[in-house]
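Welcome! Please have a look at the structure below, and then read on for a short tour of its pockets.

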2 protein chains.
Amino acid sequence: MTVRQLSLPELAEACRASGVGRVGLWREPVREYGVEAAAELVRDAGLTVTTLCRGGFFTALDPGERAAALADNRRAIDEAAALGTDTLVLVSGGLPPGDKDLRAARERIADALTELAPYAEDHGVRLAIEPLHPMYAADRCVVSTLAQALDLAERFPAHQVGVTVDTYHVWWDDQAPAQIARAGATGRIHAFQLADWTTPLPEGVLNGRGQLGDGSIDLREWKTHVDSAGYTGPIEVELFNERLWARDGREVLAETAQRFAEHVIRRGRPANDP
Amino acid sequence: MTVRQLSLPELAEACRASGVGRVGLWREPVREYGVEAAAELVRDAGLTVTTLCRGGFFTALDPGERAAALADNRRAIDEAAALGTDTLVLVSGGLPPGDKDLRAARERIADALTELAPYAEDHGVRLAIEPLHPMYAADRCVVSTLAQALDLAERFPAHQVGVTVDTYHVWWDDQAPAQIARAGATGRIHAFQLADWTTPLPEGVLNGRGQLGDGSIDLREWKTHVDSAGYTGPIEVELFNERLWARDGREVLAETAQRFAEHVIRRGRPANDP
C-alpha cells in the first residue's frame with residue numbers, strides 16, 4: 001500500500017532492486033491481477049508475502065450483510081493461503097448507520113471470529129485483529145486499543161487469533177507497551193506495522209500517514225517494545241499518503257528502506273550529542 | 001464557542017431569549033470585550049459563568065516559553081475569578097517541535113500544576129484537566145484519556161485539580177465509564193461537556209464536532225455515567241463546527257437547547273417501538 005502506484009510486477013521488480021525480500025499485500029491489487037497469477041509472480045520473484053490486508057468489517061446488523069462479510073472473509077483466508085502468507089490482518093468495522101452501541105458491535109466481532117477462526121486454521125492462516133486509532137471508531141473499526149483487541153483475541157487459541165501492532169494506531173496509548181507484553185507472552189503478536197504520525201491530518205483522516213522519521217512517533221522505542229515481547233517476525237511499513245503515492249514508486253520504496261534503517265534499526269546519536 | 005458568531009452582548013440576550021441561565025465562556029472574546037466589562041455584562045444579564053476555557057499549554061521545553069505559559073495561566077485564573085466561575089478548563093499542550101517523548105511532556109504538565117494549583121486555590125478557582133481525543137496527542141494535548149488526566153489530578157487536592165469529561169474526546173474509550181466513577185468518587189469531575197461525533201472529519205480535525213443527536217455518541221448514556229458518579233454540576237454543550245458558525249447564532253442556540261432536551265434529557269422511544 002505504501003507504493004500502491006506500482007503494479008504487482010513493478011513492485012516485485014522494485015523489491016528486487018531495493019533488496020526487499022518480504023512484502024505485505026492488499027487484496028484489491030491481488031484480486032485484480034488474479035490470485036493465482038499474483039502468487040506465482042511473487043514466488044518467481046523470490047518474495048515472501050508477510051501478511052494479506054485485509055479481512056474484517058464484521059459489525060453489520062443486517063443478516064444479509066453479515067453473511068456476505070463472512071463469505072468475503074473466507075475468500076480472504078483462501079487468498080492468504082494461496083499467496084503463502086500465514087497472516088490475514090483484520091479491520092473489524094465501524095458502527096452501522098444510526099447505531100451507537102460500541103459494546104454490541106465489538107461483541108459481533110467475537111461472533112464472527114467464532115465462525116472464521118477454525119476455517120482460518122484449516123487453511124494455515126492466523127487472524128490478526130488490528131486496533132485502529134480511536135479517530136476511526138465510528139466509521140472503520142470499533143476496536144480502538146490493543147487491550148480491546150486482546151480481549152477479543154484471547155477468546156481463541158493464539159494460533160488462530162492474535163493482533164496487529166501498528167505504531168500509527170497505538171503510539172498515543174500509554175497502556176500499549178504493557179499490552180504488547182501481554183500479547184507477546186501468549187504469542188499473539190501476529191503482525192507489526194510502522195507509520196509515523198504527522199499533522200495536520202487531511203480531510204477524512206485516512207491518507208496522511210507519515211513517512212518514517214517525519215513525525216512524532218519514537219519508532220525505535222516501539223520496536224524495542226515488540227522485541228522485548230519476543231516478537232521476531234517481519235516488520236511492515238504501511239503508509240497511506242497521497243504525497244508518497246504521487247511520487248515515483250521505486251524512489252519511495254528506496255527512501256522507505258533508507259528511513260527504516262535510519263529511524264528503526266540504527267541507533268542514532270542524540271541531536272545535542274557533540 | 002458553540003455560537004461564537006455572537007458578540008458577548010448578543011450572547012447574553014440570546015441566552016435570555018432561550019431561557020439559558022448558565023454559560024461557559026472562552027478567554028479570547030472575554031479579553032477582547034474587557035474582562036471587567038464582560039463580568040458586569042453577564043452579571044447584569046443574570047447569567048452564571050460555568051467555566052472559563054482555557055488555560056494550559058504546559059509542555060514547552062524552552063524556559064522562556066514555559067515561564068510565559070505559567071504567567072498566562074495565572075492571568076486565566078484571575079479572569080475566571082473576575083467572571084465569577086470556579087472552574088478553569090485546561091488543554092495541556094502537545095509535543096514541542098521535533099520532540100517525541102509523551103511521558104516527559106505529561107510530567108511537565110504535573111510540574112506546571114504544582115506551581116499553579118495553589119495560586120488557583122487562592123483565587124477560588126479549580127483547574128480541570130481535559131483529556132483530548134488521541135488524534136490531538138501530537139499537536140494539542142498529550143493527555144489523551146481520563147485515566148491519564150486523573151493520574152495527574154490525583155497528585156493534588158480535589159478542590160485544586162480535577163478533570164473535564166467531554167463526550168467528544170472520550171466516547172470511544174471503554175475504560176472511560178470506570179474512570180468517570182473514579183473521578184466522581186473523589187469529587188474530581190469539575191466540568192462535563194457534550195458534543196457528538198460525526199464523520200468524515202474535516203482537514204485539521206478541529207471544527208467538525210457534531211450537533212447533539214447528529215452523530216455516533218450515546219449522549220444519554222454518558223450523562224447517566226456522570227450522574228451515577230455523583231456529578232450535579234452544569235452540563236455544557238461545546239461545538240466547534242464551521243457549519244454551525246455560518247448560521248444565525250440565535251437559531252443555533254435555540255436548536256442546541258432543543259437537541260439537548262431531546263437527546264440528553266428526554267427518554268426517547270426506541271426507533272422500532274410501535
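What follows is a report on two pockets and the residues around them.

This is a predicted model, in which local features need pLDDT of at least 70, side-chain atom pairs count only at pLDDT 80 or more, and totals for chains, interfaces and linings use all residues. Residues are numbered from 1 along each chain as its sequence is written, chains are lettered from A in the order in which they are written, and side-chain values use heavy atoms, without hydrogens and water.

A pocket here is an open set of points on a 1 Å grid over the protein atoms alone, where a 1.4 Å probe fits, with protein on both sides within 12 Å along at least five of seven lines; lining residues have an atom within 4 Å of a point. Its volume is the space filled by probe spheres set on the points, which are joined across faces, edges and corners.

| Pocket | Volume | Lining residues nearest the centre |
|---|---|---|
| Largest | about 960 Å³ | Arg22(A), Val23(A), Gly24(A), Val237(A) and Leu253(A) |
| Second largest | about 800 Å³ | Arg22(B), Val23(B), Gly24(B), Val237(B) and Leu253(B) |

Helices (H or I, at least four residues) and strands (E, at least two) are DSSP runs, numbered from the N terminus. In the largest pocket, β1(A) gives the largest share of the lining, five residues. Among the elements of chain A that each supply at least two are α2 (27-33) and α11 (249-265).

In the second largest pocket, β1(B) contributes the most, again five residues.
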